[in-house]
Amino acid sequence: MSKTRLIYFDAPVSRGEECRLALHLAGIDFEDVRIKSADWPAMKEKTPYGGLPVLELPGHPPLAHSNAILVLIGRRHGLHPADDFEAARHEGMMQHVEHLRGVVAPTLRLGEAEKKAAREALVADFLPAWARAADRNIRGEPFFGGTRLQVVDLKLYMAVRWFIGGKVDHIPATIFDAYPRLMGVHLAVREHPGVKSWTARP
Ligand SMILES: N[C@@H](CCC(=O)N[C@@H](CS)C(=O)NCC(=O)O)C(=O)O
């Protein structure tokens, strides 16, 4: 393997897309390997932890877990703080996003009636609490850490975009409207030229 490879499912979403965005913003020429769902079961046990994304760097074993991938890319390419305490603060927020995904993901597999009940409960309680905590920990403007986009911002962007697109059944697209700092990060990332150039590619 002579080229960096990012392996994920064939969809512009979630943990895989935030890693692709980080590689793109870092200016890394990478192979964007997209796995078909039908091919995944045979591959699963060959990945480090049984999940995607996986980053392959020449000369290294495969690296899994989106936050580990993002932090590595960020550290090497100026997209993660050099100060260790500030870096840890960013990593705390990245973990906060993983917590959100961990709570919401099981509802994807529920039957319709159960899904409706579970999602309505999330709307009433968990999601506002999650957003409130995210919002109060965002200290910079327009990004999490100030004026420069870093990998934590990509993570927050992907999480917010998931919900405000209006495509998650039983969760209103307005769910995060009351959290200006969180929505501000989403907007600033969406409008970032490097992010736009990734989204606009053929
Ligand atoms: N902690 C891991 C979670 C990886 C994960 O669960 N990825 C999902 C896709 S977003 C997956 O691989 N699902 C298929 C499966 O678990 O079989 C990370 O942050 O990358």
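Where does P142 lie? P142 sits in the loop between helix 5 (112-137) and helix 6. I'll come back to that proline below; here are my notes on this predicted model.

1. Start with the sheet. Four strands form an open sheet in the order 2-1-3-4, and the pairing is mixed. Strand 2 (30-35) and strand 4 (63-64) are the edge strands; each has a single partner strand, so one side of each has no neighbour in the sheet.

2. At the strand 4 edge, the pairing to look at is with strand 3 (residues 54-56): the two strands run in the antiparallel sense and are held to each other over two bridges. If you want a pair to click on, take L55, whose bridge partner in strand 4 is L63. Helix 1 packs on this sheet and touches strand 1, strand 2 and strand 3, with its direction at about 155° to that of strand 1.

3. Next, the helix 1 and helix 3 packing. Their axes are 10 Å apart and the angle is about 10°. Angles under 35 degrees count as roughly parallel, and that makes helix 1 roughly parallel to helix 3. On the helix 1 side, the residues in contact are R15, E18, C19, A22 and L23, and on the helix 3 side they are S66, I69, L70 and I73. By class, this contact comes out as six nonpolar, one polar and two charged residues.

4. E98 deserves a look. This residue belongs to helix 4, and, leaving aside residues up to four places away in sequence, E98 touches R15, E18, S66, N67 and K155. R15, E18 and S66 also turn up in the contact between helix 1 and helix 3. As for distance along the chain, E98 and L156 are 58 residues apart, yet their C-alpha atoms are separated by 9.9 Å.

5. Now the largest pocket, which holds about 670 Å³ of space. It is lined by 26 residues, and those closest to its centre are Y8, S14, R15, L52 and R101. The elements giving two or more residues to the lining are strand 1 (4-9), helix 1 (14-25), helix 2 (40-44), helix 3 (66-76), helix 4 (84-104) and helix 6 (151-164). Which helix gives the most to the lining? Helix 6 does, with three residues. By class, the lining has 14 nonpolar, six polar and six charged residues.

6. Two of the residues closest to the pocket centre, S14 and L52, also have backbone points to check. S14, which is in helix 1, has phi near 55°, a positive value in a residue other than glycine. L52 is joined to P53 by a cis peptide bond, with omega about 15°. P53 itself is in the loop between helix 2 and strand 3.

7. Back to the opening proline. How are E141 and P142 joined? By a cis peptide bond, with omega about 5°. So when you go through the backbone by eye, put L52 and P53 on your list along with E141 and P142.

Key:
Residues numbered from 1 in each chain as written. Predicted model: local features only at pLDDT ≥ 70, side-chain atom pairs only at ≥ 80, totals over all residues. Heavy atoms only, no water. 1 Å grid on protein atoms, 1.4 Å probe; cavity = no way out; pocket = protein on both sides within 12 Å on 5 of 7 lines; lining within 4 Å. Points joined across faces, edges and corners; volume = space filled by probe spheres on them. Nonpolar A, V, L, I, M, F, W, Y, C, P; charged D, E, K, R; others polar. Pairing = 2+ DSSP bridges. Contact = heavy atoms within 4.5 Å. Axes fitted to C-alpha atoms, helices over the stretch in contact; angles between N-to-C directions. Parallel < 35°, antiparallel > 145°, perpendicular 65-115°, else oblique.
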